[in-house]
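Please look over the sequence and the model shown here before reading the notes below.

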Amino acid sequence: CDPKGGWIATPMAGGLRVAGKVELGGGVEAPPTEALFDQLEHEAMGLLSVDTGKRIPSNDWLGFRPSLPDALPVIGRSRKFPGSVYYAFGHQHVGWTLGGITGQLVAELVQGKELSIDVTPYSLDRFGFTNKNWWRERLRTMFDNSFQRRRTVPASSSASST
């Protein structure tokens, strides 16, 4: 692992998996940036003293991590089910780092103990959802936009008559 480069290497049955790097702002429909795969390969080959073989570009993969707009996690009780549903999600790329304190806070919430810190800044309420069905509207909008993009035919691909 190279902490300066931000990647990790794991031996696998079929070869060596090198993973890391972060690409923000591309959106779920944007293709991955090829330069990041090239950078990972270059850095790994520079650090390792053995020949690992060539990268197989068809095995390149990009996963999406959902991120909240303010980069803070949501920690707290559900308003609808305050005694049985507790939120602890949205830790961006530091879930392992914040897992311990988050677990402690959730345990304190469940047990009704005084909290180690004020969790108000981490409340889901900070996003101001006034509509209980906000997620349905958001999904409908995403679906409608996606459907419209698929139905739109670019001018360059339209059939011409001769």
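The report below takes up a helix, an aromatic pair and two backbone angles in turn.

## Helix α2

In this predicted model, helix α2 covers residues 95-111, and because its 17 residues should span 24 Å at 1.5 Å a residue, the 23 Å between its end C-alpha atoms agrees with expectation. The helix nevertheless carries a kink of about 30 degrees, which is centred on Ile101.

The buried residues of α2 are Thr102, Leu105, Glu108 and Leu109, and these buried residues pack against two strands, β3 (74-77) and β4 (86-89).

## The aromatic pair

A search of the whole structure finds 1 aromatic pair, formed by Tyr87 and Phe89 in an edge-to-face arrangement, with 6.0 Å from centre to centre and 90 degrees between the planes. The pair counts as edge-to-face because its planes are over 60 degrees apart.

Neither ring belongs to a residue that counts as buried, because the cut-off for that class is under 20% relative accessible area, whereas Tyr87 is partly exposed at 25% and Phe89 is likewise partly exposed, with a relative accessibility of 36%.

## Positive phi angles

Two residues with positive phi deserve a mention. Gly112, which follows α2, has a positive phi near 70 degrees, while Ala71, a residue other than glycine, also has a positive phi, near 65 degrees. As to its place in the chain, Ala71 lies in the loop between α1 (34-47) and β3.

How values were computed: Residues are numbered from 1 along each chain as its sequence is written. This is a predicted model: local features need pLDDT of at least 70, side-chain atom pairs count only at pLDDT 80 or more; totals for chains, interfaces and linings use all residues. Side-chain values use heavy atoms; hydrogens and water are left out. Rings of Phe, Tyr and Trp (its six-membered ring) pair if their centres lie within 6.5 Å; planes under 30 degrees apart count as stacked, over 60 as edge-to-face and the rest as tilted. Buried means under 20% relative accessible area, exposed over 50%, partly exposed in between (1.4 Å probe, protein chains only). Helices (H or I, at least four residues) and strands (E, at least two) are DSSP runs, numbered from the N terminus. The expected span of a helix is 1.5 Å times one less than its number of residues. The bend at a residue is the angle between axes fitted to the seven residues ending there and the seven starting there. Contact means heavy atoms within 4.5 Å.
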